[in-house]
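Colleague: Please take a close look at a single part of this model. Pick one residue, say how it is placed, and work outward from there.

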Amino acid sequence: MVRRTAFISIALFFHFLPAAWCQQGLVNTISLIDAQRVEQLLDTTPSNTSFCFRTSGLQSGYFSATYQYNSRLPAGYNNGSLYPAAGFQQQYSAGLTAQWGRLQLQLQPELVMAVNTQPDGLPSGFNQKNYWSRYYEKVLNVIDRPDHFGAGSLTKLFPGQSSLRYNTKGFSIGISTENLWWGPGVYHSLVLTNNAPGFLHLTLNTRKPWVTGIGSFEGQLIAGQLLNSNETPPENLNPNAAPYYLPKRDDNRYITGITLTWQPKWTKNLYVGFANMAYMYNHDMQGLKHVLPFRNFWVPVGRPALGSLFLRYAMPADHAELYVEYGRADRPALPYNIFGDSTPTGYIAGVRKLVVLNRNRGAIVIHLELSHLQMPDTRLLFVQSNPALPSLTSSWYTDAYVRQGYTNQGKLLGDGIGPGSGSQLMDVSWVKGLNRLGLQFERIIHNSDFYYYNYFNGLVYPGPNNKYWTDILLSLHGRWARKKWLLAGEIQHLHAINYKWVKIGPERLWDPSPRSDKNNLQLILSLRYQL
């Protein structure tokens, strides 16, 4: 209790310092790369760096410490090895980079310690008609994504942002556990983000844009291992829910993928590319055809795949950019198969505008980003002749065969908002170099695919259907750089409406429900020292 009170006091103290709070409150490398992207929009010199392929790799070592507190709910995404947990948790990372000619060793492990308080969830005896059977069928049995990791405190040492590489001037090959980000989105991406802990992988990637006669290219080819959380859903503690749980196969997963971005020679500041990924159980692999991300990459049964096409257009003369990513949840995204009403598709779209201030006082950034992972046609969820039959199509990141889905150690590898969800985000900030101070608003609608399947599938009438689970988030964030020091933080308030798609009272449907509407206060303080 003393430690928690001390942390809150420190966080509030820094709240009143100028420019002391940060986007997402974290100082991870992928988040900091966005400061370089903003500088690109302020520089009218043509650049062939796309920022559509980002890695957490270091140029030199650093020490960092991050402290996070959630009052009631396991809130947060794009935070790597931090747990989805209520209560107080802390992450420490330290390491160095050593160089022997072209051989580079980077050691940057991460130690995470979490109090892991029991989150505020549904009532222990909750037993709404048909809810649990459908929730397990559509969500819990087809993805490894617990929102509470066991009982009691947690302590774990992750390999973090470590790697061993052989580098040439333009390329790198090696083995790594670094976090990666594929795609043009800043807060959301369809195929790969830093939402989960980094996974062990072999990598062949560009170190800088590869200039050719038709333009420049950036990309990466990976093959790696995904680990299971080995956690049963916390919902199993409810005796009304536990009978519907189907234990998942005890086998880790092999994953392989590729991303490539092209900056055409004839169109400056335009970047187009694709990202594709496939995964499967280790013991189902059959030779080279399953090792590489090319042959049989599109086979959906036993080897789920997903992918996207994307575009980013920077306008440095106008200090602005726009970007879009469009993808498929059931196979690689190719020009001939990307569109169609019978496919589970999704998109990310964003626009950012900078207003430069006079006298070298930085700029005001207005940033909008949308993410949409809901099925394009809800009729795809049902067998039209008999809606009582099981759901037809998997949502993003879920799979009926590889039932851990697209996850690593219990967290999503893709967009952190999760399957069937949507986000509308607006950020208004002052920026100058690494320094930043701003306000952010986000509205997240959770898993509309499950919502429609649960309330409109023609079974026993489950009651009024005005039960969208919607989160409203408002945060103050900032970042402050001083010589080798970097301080960041965030204060965020989250209001969850109809938590877990359930409305418990009151009598009038349009009134708020104190028993099923939740509130959460999140505090983040993060410090980094460059060695």
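Modeller: I start with Tyr 135. Its relative accessibility is 4%, so Tyr 135 counts as buried, because the cut-off for buried is under 20%. Keep in mind that this is a predicted model.

Tyr 135 belongs to a covered helix. Helix H3 spans residues 131-138, and six of its eight residues are buried. Those six are Tyr 131, Trp 132, Arg 134, Tyr 135, Tyr 136 and Lys 138. Charged residues are on that list too: Arg 134 and Lys 138 are buried. What do the buried residues of H3 pack against? Their partner is helix H5, residues 448-455.

Now the rings. A pair of aromatic rings is described by the distance of the centres and the angle of the planes. The model holds 30 aromatic pairs. Tyr 135 and Phe 450 are one of them: the ring centres are 5.3 Å apart and the planes meet at 55 degrees, so this pair is tilted. The two rings come from distant parts of the chain, with Tyr 135 in H3, Phe 450 in H5, and these positions 315 residues apart. Phe 450 has a relative accessible area of 0%, so Phe 450 is buried.

Compare a second pair. Tyr 281 and Tyr 401 are edge-to-face, at 6.0 Å centre to centre and 65 degrees between the planes. Tyr 281 sits in strand E15 (residues 270-281), while Tyr 401 sits in the loop between strand E19 (363-372) and strand E20 (407-408), so the pair ties together parts 120 residues apart in sequence. Is each ring buried or partly exposed? Tyr 281 is buried, at 1% relative accessible area. Tyr 401 is partly exposed, at 38%.

Back to Tyr 135. Ring pairs join this residue into a cluster. From H3 the cluster takes in Tyr 131, Trp 132, Tyr 135 and Tyr 136. Phe 126, Tyr 245, Phe 450, Trp 469, Tyr 499 and Trp 501 complete the cluster.

The next step out is the core. In soluble globular proteins, nonpolar side chains tend to be buried together. Here the largest nonpolar core has 57 residues. Trp 182, Leu 192, Met 277 and Tyr 406 touch the most other members. Several elements each supply at least two residues: H3, H5, E15, strand E10 (180-182), strand E13 (215-226), strand E16 (305-315) and strand E25 (485-497). So H3 and H5 feed this core as well as packing on each other.

Take Leu 192 as a view into that core. Neighbours within four places in sequence aside, Leu 192 is in contact with Leu 180, Trp 181, Trp 182, Phe 199, Met 277, Tyr 406 and Leu 413. Trp 182, Met 277 and Tyr 406 are among these contacts, and they are also on the list of residues that touch the most other members.

Rings also meet charges. The charged end of Arg 37 sits over the ring of Tyr 323, 5.2 Å from the ring centre. Arg 528 lies over the face of Tyr 62, at 3.7 Å from the centre. Arg 37 and Tyr 323 share a neighbour. Gly 185 is in contact with both, and with Arg 54, Ile 348 and Glu 369, leaving aside neighbours within four places in sequence. Gly 185 lies in the loop between E10 and strand E11 (201-206). At 0% relative accessibility, Gly 185 is buried. Gly 185 and Leu 322 are 137 residues apart in sequence, yet 9.8 Å apart in space, C-alpha to C-alpha.

Last, the wider frame. The protein has five helices and 26 strands. Of its 531 residues, 57% count as buried. Links such as Tyr 135 to Phe 450 span 315 residues. Across the protein, among contacts between residues at least 6 apart in sequence, 72% join residues at least 24 apart. The accessible surface comes to about 22300 Å², with 63% of it on carbon and sulfur atoms.

Notes
Residues are numbered from 1 along each chain as its sequence is written. This is a predicted model: local features need pLDDT of at least 70, side-chain atom pairs count only at pLDDT 80 or more; totals for chains, interfaces and linings use all residues. Side-chain values use heavy atoms; hydrogens and water are left out. Buried means under 20% relative accessible area, exposed over 50%, partly exposed in between (1.4 Å probe, protein chains only). Helices (H or I, at least four residues) and strands (E, at least two) are DSSP runs, numbered from the N terminus. Contact means heavy atoms within 4.5 Å. Rings of Phe, Tyr and Trp (its six-membered ring) pair if their centres lie within 6.5 Å; planes under 30 degrees apart count as stacked, over 60 as edge-to-face and the rest as tilted. A charge sits over a ring if NZ of Lys or CZ of Arg is within 6 Å of the ring centre and within 35 degrees of the ring normal. A nonpolar core is a set of buried Ala, Val, Leu, Ile, Met, Phe, Trp, Tyr and Cys residues joined through side-chain atoms within 4.5 Å. Accessible areas come from the Shrake-Rupley method with a 1.4 Å probe; for residues, only the protein chains shown count as cover.
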